[in-house]
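Please walk through the model below with attention to how its helices pack, where its open space lies and how its aromatic rings are arranged.

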Amino acid sequence: MEGPIIDGSKLPAAMEIIEKAAALMEERDCDNDNEAIQELVGLQQSLRELTGNKDIQIEDFRRYWGYTDLETMARKALLPPPVKSDVTDGQIKEIVLSILGLGEAEMDWWLQYLALNTGLENLTDYIFYPDLAGLSPQATLEEIAEKIIADRK
């Protein structure tokens, strides 16, 4: 199943905006300093225009370095939000079988897509902690896919 495409030409600009915003939120009081607040609003608007995602929140990039790197954050920002669709059992299986071979941004996108389209709020447990989803801790991706298909709402 083909996923969303990241426009690599926008990656440097997204990285620059995110880095500026993260530094601003780290160095200044973005709750009370009006100048900092306005600068942050401008960076958020720039990121929304660049990504085409009017709902993206610049605050989501605060202290990103605590859990990932700048390029991954920019890649995540450039991905469109997943949408609800009529995903088939075969498509679910295809996604699950290929998900661990993806980069972090793309993997996160597909996990969100599967959660949205299966109704399983704990979908990541199936992939990373199969025993929490009622499977063996050593469950294969094939078994995980079958369990997701069986449990989807």
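The buried residues of helix H3 are covered by surroundings that include helix H1 (11–27), helix H2 (34–51) and H5. Since everything that follows is read from a predicted model, the values below are best taken as computed descriptions of that model. Within H3, the residues that are buried are Leu70, Thr72, Met73, Ala74, Ala77 and Leu78. At the start of this helix, a side-chain oxygen of aspartate 69 comes to within 3.1 Å of the backbone nitrogen of glutamate 71.

One of the buried positions can be followed further. Threonine 72 belongs to helix H3, and it counts as buried because its relative accessibility is 11%, under the 20% cut-off for that class. When neighbours within four places in sequence are left aside, threonine 72 is in contact with Glu104 and Ala105. Helix H5 spans residues 104–118, and H5 is also among the elements that cover the buried residues of H3.

From here the reader can turn to the open space in the model. The largest pocket has a volume of about 310 Å³, and of the 17 residues that line it, the closest to its centre are Asn53, Lys76, Ala77, Leu79 and Gln112. The elements that give two or more residues to this lining are helix H3 (70–78) and H5, with the largest share, four residues, coming from H5. By residue class, the lining of the largest pocket divides into 10 nonpolar, three polar and four charged residues. Ala77, one of the residues closest to the pocket centre, is also listed among the buried residues of H3.

Asparagine 53, another of the residues closest to the centre of the largest pocket, is found in the loop between H2 and H3. With a relative accessible area of 13%, asparagine 53 is buried. Its side chain reaches the backbone nitrogen of aspartate 55 at 2.9 Å, and, not counting residues up to four places away in sequence, asparagine 53 touches Arg48 and Pro81.

The aromatic residues offer a further view of the packing. A search of the whole structure finds four aromatic pairs. In the pair made by tyrosine 64 and tryptophan 65, the ring centres are 5.3 Å apart and the planes stand at 80°, so the arrangement is edge-to-face. The two partners differ in their exposure: tyrosine 64 counts as buried at 6% relative accessibility, whereas tryptophan 65, with a relative accessible area of 44%, is partly exposed.

A second pair, tryptophan 109 with tyrosine 113, has ring centres 5.4 Å apart and planes at 15°, so this pair is stacked. These two residues lie four residues apart in helix H5, and are therefore separated by about one helical turn. An α-helix has 3.6 residues a turn, so residues three or four places apart point the same way. Both partners are buried, tryptophan 109 at 11% relative accessibility and tyrosine 113 at 5%. The stacked pair is also part of a wider grouping, for Trp109, Trp110 and Tyr113 form one aromatic cluster.

Note on methods:
Residues are numbered from 1 along each chain as its sequence is written. This is a predicted model: local features need pLDDT of at least 70, side-chain atom pairs count only at pLDDT 80 or more; totals for chains, interfaces and linings use all residues. Side-chain values use heavy atoms; hydrogens and water are left out. Rings of Phe, Tyr and Trp (its six-membered ring) pair if their centres lie within 6.5 Å; planes under 30 degrees apart count as stacked, over 60 as edge-to-face and the rest as tilted. Buried means under 20% relative accessible area, exposed over 50%, partly exposed in between (1.4 Å probe, protein chains only). On a 1 Å grid over the protein atoms alone, a cavity is a set of points where a 1.4 Å probe fits but cannot get out, and a pocket is an open set with protein on both sides within 12 Å along at least five of seven lines; lining residues have an atom within 4 Å of a point. Grid points are joined across faces, edges and corners, and a volume is the space filled by probe spheres set on the points. Ala, Val, Leu, Ile, Met, Phe, Trp, Tyr, Cys and Pro count as nonpolar, Asp, Glu, Lys and Arg as charged, and the others, Gly among them, as polar. Contact means heavy atoms within 4.5 Å. A polar contact is a pair of N or O atoms within 3.5 Å; within protein, one must be able to donate a hydrogen and the other to accept it, and residues adjacent in sequence count only if both atoms are side-chain atoms.
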